[in-house]
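Biologist: I should like to go through this structure with you, term by term. Please explain the grounds for each description as we proceed.

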Amino acid sequence: MTHPSSGPFDLVVHGAILADGSRMALGIKDGRFAAIAPSLPPAPREIDLGGRLVCGGLVETHLHLDKSRLIDRCGCGHPSLAHAVKAVAEAKRNFTVEDIYRRAAATLEACIGHGTTHIRTHVEVDPRVGLRGLEAMIALRRDYAWAIELQICAFPQEGLTNDPGCEALLLEALENGADLLGGAPYMDAAPREQLQRLFTLASAYDVDLDLHLDFDLDPEGSQIGDLCRLTAQHKRGGRVAIGHLTKLAMVSPLNRIPYLQRLADAGIAVSTLPATDIYLLGKELGVHAPRALAPVHAMVDAGISCAISTNNVLNPFTPFGDSSLLRLANFHANVAQLDSKAAMDRSFDMISTMAARCINADYGIGVGRAATFVALDAASPEQAIREIAPALLGYRNGRRSFTRAQVELHHPEHRRHREHREHREHREHGHDRELCLSEAEYC
């Protein structure tokens with residue numbers, strides 16, 4: 001395939017393995033993919049990936065940048081979700097825009113270095129923290145646009161109908177840069193009323209909704225019915241996403257079928273958040289604690305778009321995290337006891353292409369599309385998940401955004417053998433082709 005305006009390319013990426021297993025060369029011109037073919041003619045700049053996996057980048061569908069990296073001031077060991085919420089609620093009274101920006105930027109840069117190209121971040125908006133988190137996120141969105149697409153979801157963590165002044169701040173957030181609206185109905189004194197109000201606001205402002213829902217281990221009292229009814233009533237199919245949904249972990253496969261069918265029919269996307277959900281839920285049950293994971297693979301079988309995402313990093317909700325989505329997907333596969341190639345391929349889809357659909361992101365490798373992509377040190381999605389393959393390099397809109405050096409082992413081989421190998425590699429690659437994995441930014 002070749003774009004009509006292709007001509008000479010600015011950059012050609014050779015030896016790229018796409019998710020479908022095909023080996024392709026990617027021709028890039030003016031920041032876009034101009035051609036994708038098994039081979040392409042030379043270009044002023046060339047990269048040889050040597051048969052490594054390339055995708056449109058990894059996608060975080062549910063992250064809290066504003067309250068990441070709080071361990072030093074909130075500690076850990078909080079016994080429940082309510083205690084974690086309380087600890088952060090007390091800390092955020094002292095947040096400043098500069099403080100939020102600094103902590104969030106550290107997490108954002110870690111995400112970029114692990115191959116993430118798209119993030120939807122939730123930011124708390126309420127009378128305690130005001131719009132300070134939003135202000136910091138807007139600055140981050142601007143300052144890191146060279147590497148990442150950042151969607152900002154304004155939401156009330158501690159309730160809406162029971163928190164005077166919160167709704168006015170949410171509206172102000174939507175009018176001043178927030179991309180969409182979120183909520184946490186289970187934190188509200190009137191959860192059903194919060195849901196109804198959020199749908200009314202989202203319809204009025206024509207924005208998407210992304211909700212924290214059913215975050216406990218009690219199979220009773222699910223809000224899926226109300227959510228699906230309101231989604232249909234407001235004609236928001238394809239524009240509603242939910243995170244957690246751990247109640248369904250406690251429902252038998254047979255009994256959860258009606259829930260999955262309703263979610264699929266309503267066009268609602270689901271993110272499982274394994275790091276937080278496994279760490280925080282069931283502590284009081286000790287050795288009998290369940291695997292608190294939304295059954296996302298069964299959901300995909302039912303026609304629901306699903307994602308695996310991080311949620312929190314280094315705070316009372318999740319006192320761990322290096323911002324690697326591949327590590328998280330591997331962790332999820334372990335806890336969910338997945339092992340087949342099909343499950344690994346689907347897991348990779350849930351941190352890349354399917355995850356992008358969950359947040360309606362502009363995403364993908366195709367002629368005419370923005371040349372945003374990541375190369376992983378693996379030959380297939382399956383290998384990437386099983387081995388937690390490191391991200392080696394990334395591009396956004398045709399510009400190099402990061403490079404990660406490969407590990408080099410220093411065998412005690414004879415110098416003559418080493419020189420012979422280097423000479424052979426030089427001859428194979430030629431003088432005009434850069435070996436990308438050892439080069440810094442040059443594009």
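Biologist: How many disulfides does the structure hold?

Modeller: This is a predicted model, and the structure holds zero disulfides.

Biologist: What makes C111 a cysteine that is in no disulfide?

Modeller: A disulfide requires two cysteine sulfur atoms within 2.5 Å. For C111 the nearest cysteine sulfur belongs to C55 and is 14 Å away, so the pair does not meet the cut-off of 2.5 Å.

Biologist: How do you know that C306 is in no disulfide?

Modeller: The nearest cysteine sulfur to that of C306 is in C358, 6.3 Å away. The limit is 2.5 Å, so C306 is not counted as part of a disulfide.

Biologist: Why are C111 and C306 called buried?

Modeller: Buried means under 20% relative accessible area. C111 has a value of 1%, so C111 is buried. C306 has a value of 0% and is therefore buried as well.

Biologist: Is E408 buried or exposed, and why?

Modeller: E408 has a relative accessible area of 57%. Exposed means over 50%, so E408 is exposed. E408 is located in the loop between strand 15 and helix 15 (415–429). From E408 to A106 the C-alpha distance is 27 Å, with their positions 302 residues apart in sequence.

Biologist: What makes the protein chain as compact as a globular protein of its length?

Modeller: The protein chain comprises 15 helices and 15 strands. Its radius of gyration is 23 Å, and the globule rule gives 22 Å for 443 residues; the two are close, so the chain is as compact as a globular protein of that length. Its C-alpha atoms fill a box of roughly 70 × 50 × 45 Å along the principal axes. Of the 443 residues, 56% count as buried.

Biologist: Which strands form the open sheet, and in what order?

Modeller: Seven strands form the open sheet, in the order 3-2-1-4-13-14-15, and their pairing is mixed.

Biologist: Why do strand 3 and strand 15 stand at the edges?

Modeller: Strand 3 (32–37) and strand 15 (399–403) each have a single partner strand, so one side of each lacks a neighbour in the sheet. On average, neighbouring strands of this sheet are turned by 30 degrees against each other, direction ignored.

Biologist: How do you know that strand 4 and strand 13 pair?

Modeller: Pairing requires at least two bridges. Strand 4 (residues 45–55) and strand 13 (residues 373–376) have three bridges in the antiparallel sense, so they count as paired. V54 stands opposite A375 in strand 13.

Note on methods:
Residues numbered from 1 in each chain as written. Predicted model: local features only at pLDDT ≥ 70, side-chain atom pairs only at ≥ 80, totals over all residues. Heavy atoms only, no water. Helix = DSSP H or I, 4+ residues; strand = E, 2+ residues; numbered from the N terminus. Axes fitted to C-alpha atoms, helices over the stretch in contact; angles between N-to-C directions. Rg over C-alpha atoms; globule rule 2.2 N^0.38 Å. Buried < 20%, exposed > 50% of the residue type's maximum accessible area, 1.4 Å probe, protein only.
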